[in-house]
Amino acid sequence: MRYEVAHWSVFLATRERGRRVREEIEQRLTELPVGDTLVLDFKGVEGITVSFGDECVAKLVIGRQAGDFVDRGLIIEGANEDVYETLDNVLFRRKLAAVSLSSDGAPHVLGFGEWLPATIDAAIELRSFSASDLAHRLGITPQAANNRLKALVTSGAVARERVVPDGGGKEFSYKVVIPAFA
């Protein structure tokens, strides 16, 4: 599903407008089937303010950190250089990350997380996987893989679904939800 941010305006400013746009996006996320991705399409948006970006995009990512919509993807697309830079700075200041697709469909990390690009690449190679699969692929501990997966799920690039293993317990399966790679 695609959400065209430009229907609000070509220049998006104020925290209040950011809140209203975020609430509309959250409504769309509730309507989205589990495992699907909502693409925030910024095509046609010439610029955004820091207050708008913080209230809209950063708070969406913070909600994901708290467990909201982690079974659905959230990707940014169509951002021009100014919008990209503003979102990158807003997310970096809050130590958050999101994934933006370039015009050629390649994923790029906005915000914080120096190891996130390599982790996204490994996830794309695996497509559907467990934390152990990712740990093995990256040559890291399962705990480190879990920490990275939390960031990937929060970023919106990966959806998480709880599974019940044969022996009981609590496990998750992960799936890449970046449209070009899902």
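Me: Which strands does α3 lie across, and at about how many degrees does α3 run to β7?
Reply: Quick heads-up before we start: this is a predicted model. Find α3 and look at what sits against it: α3 lies across β5, β6 and β7. Compare its direction with that of β7, and the angle comes to about 55 degrees.

Me: What should the 13 residues of α3 span?
Reply: Each residue adds 1.5 Å, and the expected span takes that times one less than the number of residues. The end C-alpha atoms of α3 are 18 Å apart, which agrees with what the 13 residues should span: 18 Å.

Me: How wide an arc do the buried residues of α3 cover around the axis?
Reply: In α3, the buried ones are Val83, Thr86, Leu87, Val90 and Leu91. They sit on the same side of α3, because the arc they cover around the axis is only 125 degrees. A general point helps here: an α-helix has 3.6 residues a turn, so residues three or four places apart point the same way. For the buried set in α3, the arc is 125 degrees.

Me: Which exposed residues does the face of α3 turned away from its buried side carry?
Reply: Start with the buried side, where the cover includes β4 (47-48), α2, β5, β6 and β7 (107-111). Now flip to the face turned away from that side, and the exposed residues there are Glu81 and Arg93.

Me: Is Thr86 buried or exposed?
Reply: Thr86 is found in helix α3. Leaving aside neighbours within four places in sequence, Thr86 is in contact with Ile48, Thr49 and Val50. Its relative accessibility is 15% and the cut-off is under 20%, so Thr86 counts as buried.

Me: Which residue caps the N-terminal end of α3?
Reply: Look for a side-chain oxygen by the start of the helix. One lies 3.0 Å from the backbone nitrogen of Asp82, and the residue it belongs to is Asn80.

Me: What phi does Lys95 take just after α3?
Reply: Lys95 lies in the loop between α3 (81-93) and β6 (97-101), and at 58% relative accessibility it counts as exposed. In general, most residues other than glycine have a negative phi. Lys95 is not a glycine, yet its phi is positive, at about 55 degrees.

Me: Is Phe69, another residue with a positive phi, buried or exposed?
Reply: Phe69 has a phi near 60 degrees and isn't a glycine. Its place is in the loop between α2 (50-65) and β5 (73-77). With 18% relative accessibility, Phe69 counts as buried.

Me: Which strands stand at the edges of the open sheet of five strands?
Reply: The order is β1-β3-β5-β6-β7, with mixed pairing. Two of these strands have a single partner each, so one side of each is left without a neighbour in the sheet: β1 (2-4) and β7.

Me: In β5, what is the bridge partner of Leu40?
Reply: Strand β3 (residues 37-41) and β5 run parallel, joined by five bridges. Follow the pairing from Leu40 across to β5 and you land on Ile76.

Me: Which residue in β10 does Ser128 stand opposite?
Reply: This one is in an open sheet of three strands with the order β8-β10-β9 and antiparallel pairing. The edge strands there are β8 (128-129) and β9 (158-163). Over two bridges, β8 pairs with strand β10 (residues 171-176) in the antiparallel sense. Opposite Ser128 in β10 stands Lys175.

Notes. Residues numbered from 1 in each chain as written. Predicted model: local features only at pLDDT ≥ 70, side-chain atom pairs only at ≥ 80, totals over all residues. Heavy atoms only, no water. Helix = DSSP H or I, 4+ residues; strand = E, 2+ residues; numbered from the N terminus. Buried < 20%, exposed > 50% of the residue type's maximum accessible area, 1.4 Å probe, protein only. Arc of directions from axis to C-beta. Contact = heavy atoms within 4.5 Å. Polar contact = N/O pair within 3.5 Å; in protein donor to acceptor, adjacent residues only side chain to side chain. Pairing = 2+ DSSP bridges. Axes fitted to C-alpha atoms, helices over the stretch in contact; angles between N-to-C directions.
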